[in-house]
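Dear colleague,

I am passing on to you the structure that follows, together with some notes on what turned up in it. Please look through the model first and then read on.

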Amino acid sequence: MGLRFRKSFKLAPGVRLNVSGSGMSWSLGPRGASVSIGKRGTYFNANIPGTGLSSRTRLDAPTAAPVVRLN
């Protein structure tokens, strides 16, 4: 079983700095709907607080490696 670290700091209403063992990220927005920005991409997060129901959608497209074809 691995050990994980995560800490969140509220900087202003709707602005959080999240720190973990893999790096830092930002969360912007109110409870229930936010945008997260980090090294793994930008995501829109929506949830219904207290229910456990949530949705996460990637906003930035990951860069694809160019395809090289040899005929």
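**What was found**

In this predicted model, 6 strands form an open sheet in which they are ordered 1-2-3-4-5-6, and the pairing is antiparallel. The edges of the sheet are strand 1 (6-12) and strand 6, each of which pairs on one side only, and from one strand to the next the twist averages 25 degrees.

At one edge, strand 1 is joined by 6 bridges to strand 2 (residues 15-20), the two running antiparallel, and here Phe9 stands opposite Leu17 of strand 2. At the other edge, strand 5 (residues 41-48) and strand 6 also run antiparallel and are joined by 6 bridges, with Arg58 in strand 6 as the bridge partner of Tyr43. The hairpin of strand 5 and strand 6 has 4 residues between the strands, and in this hairpin Gly50 takes a positive phi near 85 degrees. Strand 6 (residues 53-58) is hardly covered, since the count of buried residues among its 6 residues is 0.

As for the protein chain as a whole, its secondary structure comes to 0 helices and 6 strands. Its radius of gyration is 16 Å, well over the 11 Å that the globule rule gives for 71 residues, so the chain is more spread out than a compact globule. Buried residues make up 13% of the 71 residues, and residues 24 or more positions apart account for 1% of the contacts with a separation of 6 or more. The chain exposes about 6200 Å², of which carbon and sulfur atoms supply 59%.

With best wishes

Key
Residues numbered from 1 in each chain as written. Predicted model: local features only at pLDDT ≥ 70, side-chain atom pairs only at ≥ 80, totals over all residues. Heavy atoms only, no water. Buried < 20%, exposed > 50% of the residue type's maximum accessible area, 1.4 Å probe, protein only. Pairing = 2+ DSSP bridges. Axes fitted to C-alpha atoms, helices over the stretch in contact; angles between N-to-C directions. Rg over C-alpha atoms; globule rule 2.2 N^0.38 Å. Contact = heavy atoms within 4.5 Å. Areas by Shrake-Rupley, 256 points an atom, 1.4 Å probe, with all protein chains shown as cover.
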